[in-house]
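Morning, everyone. Please look at the screen, and we'll start with one helix before turning to the whole chain.

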Amino acid sequence: MMNFDDVLRQLGEFGTYQKWLYVLLCLPSIPQSLQVIQAAVFLFAVPEHRCAIPGLANDTYEIQNDFHEQLINSSIPMTSGYYGDEKYSRCQLYLQTNTSNIPTSNITEPCNAWVYDQSQFMSTISETLDFVCEKRSYVSHAKMLGMFGHLVGGVISGPLSDMFGRRPVIITNMFILVVLSICLVWSNSAPLIFILDFIIQCVALGQYLVCFVFGMEIVGPAKRMWAGVAMNLFWSAGNMVSALTAYLFRDWKTRQLIVSIPAILFAYLYFIPESPRWLLKHGKREEAKIIMASMSKKNKVKLDPDILDEVDIEKEEVKQEPFWNLLKSSVMMRRMIIICYNWFAVGMGFYGLSMNVNNLAGSIYLNFFLFITVEAAAYVSCFFLMDRIGRKLLLCISMALTGAACILPLVPVLVSDTPEKWAINILAIIGNTCASAAMCSVYTFTAELMPTTSRTFGMSMSSVCCRVGSLLSPYIVDLTLHVSGRFGQILPMLIFGGITILAALLALLLPETRNKRLPESIKEAEMLGTSEYDKDVTGTSPVELILLESESKEKDGEAEDMT
């Protein structure tokens with residue numbers, strides 16, 4: 001008896017057909033990451049600003065001359081910045097008389113107009129709609145709504161792709177992403193912008209999850225780790241494109257059009273085939289046989305017709321399992337809780353480390369470039385570590401280091417009233433590296449733990465937990481407003497660090513999936529980590545198969561020598 005992974009070994013675990021299809025599935029990660037990062041970092045960025053001087057029509061954030069500086073000093077009070085430096089007030093100005101612009105006292109009042117620093121941004125949504133002072137929470141609401149869109153996208157796209165197939169969900173999500181990302185440019189009201197961005201984030205993440213699962217399903221066990229990590233590199237490539245376009249095009253509407261219109265090229269997704277693994281699981285035998293015949297032709301491998309006619313149908317056509325059956329299994333439910341908690345901790349830890357790249361000292365473009373560079377470096381390191389030390393150990397180590405990095409940035413804050421900016425930036429970058437490695441490993445680990453019948457559902461639920469962690473992080477940070485003293489400063493990071501370190505310990509309870517075939521059913525998934533699952537379907541263990549293959553080659557060599 002054989003399963004689908006055995007067929008892939010005969011076809012080629014990562015042959016020409018799979019390579020082309022895999023690249024076609026990875027490329028959409030670029031426009032997806034563009035839309036996600038644009039909203040998270042650049043679209044709603046709030047530039048440095050201060051209150052505008054009442055009655056001064058040509059007021060600018062930059063000081064024009066000595067008279068302008070004197071006028072600013074007499075109109076706007078100074079406040080202390082995060083790093084101990086003094087800045088002009090963003091929300092208050094001195095109380096003015098009705099007949100002149102000269103302040104009558106040191107009494108202040110809220111301002112209703114602002115001037116913005118245009119050295120980094122020509123315009124952003126937050127600047128255009130004045131999301132500052134009393135409306136400053138709108139920025140957080142917009143980002144939280146985007147994260148909620150990720151959550152909804154994971155919940156909807158996963159089960160839909162398990163029920164109706166990977167291909168229709170991919171096509172639908174891509175169409176919605178292209179249309180709405182272009183429409184966002186002509187939106188001028190906050191509610192409409194929030195709604196469009198919510199839907200864009202929803203389909204972007206849903207698309208990525210389904211493409212990720214599809215890509216994992218078409219490669220053999222020996223190449224699956226490479227497939228899981230490589231798609232993250234395409235996401236990083238999208239981040240780099242996002243950084244470049246943000247640096248070159250400082251106006252948000254121009255930039256949004258530039259990153260959205262080229263996505264029309266991804267109409268080729270209409271012509272990709274369905275996942276043969278999914279087709280076999282849902283009894284669509286003839287369609288699966290046609291795709292596998294094309295695969296064997298492209299890979300230049302002659303496939304035994306008996307495998308197509310007997311093995312694929314009789315072995316793979318099992319009773320269809322609804323995705324909710326995954327939650328009925330006590331073993332899988334326990335594993336789901338642990339893996340979902342790890343996703344929750346990854347989301348919270350990453351947000352707790354970086355908080356927002358806008359809050360770090362220095363150029364936002366340089367900071368973001370450093371973040372995505374170390375992120376790509378973390379993914380590359382996963383190439384070399386995941387197959388050597390295993391998915392589980394890599395996840396545990398990276399989560400533990402992420403937890404440590406959540407606590408360390410507070411050291412310079414506690415030891416000095418004016419903490420070194422470079423120290424906080426470096427610790428944030430190191431922490432981001434560990435969090436990126438954890439994210440990469442948990443993606444691959446989760447896909448290999450879940451059965452084919454519920455794989456996208458499991459990935460979707462895990463992603464939902466990640467977004468819940470991201471959603472809760474700002475409210476944990478707000479604990480500093482309610483707990484006074486130095487303990488209040490430490491408390492949020494202690495929570496972040498404790499949560500991620502606990503996740504590292506819980507991950508030790510999960511089975512290792514390195515060099516294991518993908519489970520096809522819930523019953524097989526339950527057997528992961530047992531000696532029974534390590535046995536091949538023919539009753540031979542993987543180690544025994546290698547030894548037998550080696551003996552066969554030795555015999556062939558002896559026969560050639562005799563000849």
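Helix 12 has these buried residues: Ala288, Lys289, Ile291, Met292, Met295 and Ser296. Buried means under 20% relative accessible area, exposed over 50%, and partly exposed in between, with a 1.4 Å probe and protein chains only. Those buried residues cover an arc of only 165° around the axis, which puts them on the same side of helix 12. The arc is taken from the directions from the helix axis to the C-beta atoms.

Why would such a pattern arise? An α-helix has 3.6 residues a turn, so residues three or four places apart point the same way.

Now the other face. Turned away from the buried side are exposed Glu286, Ile290, Lys297 and Lys298. After helix 12 comes Lys300, with a positive phi, near 55°.

A word on the source. This is a predicted model: local features need pLDDT of at least 70, side-chain atom pairs count only at pLDDT 80 or more, and totals for chains, interfaces and linings use all residues. Residues are numbered from 1 along each chain as its sequence is written, and side-chain values use heavy atoms, leaving out hydrogens and water.

Now the whole chain. Its secondary structure comes to 23 helices and 6 strands. Those are DSSP runs, numbered from the N terminus: helices are H or I, at least four residues; strands are E, at least two. Of the 563 residues, 53% are buried.

Last, Ile339. Beyond its neighbours within four places in sequence, Ile339 is in contact (heavy atoms within 4.5 Å) with Val442, Phe445, Thr446, Leu449, Ser462 and Leu510.
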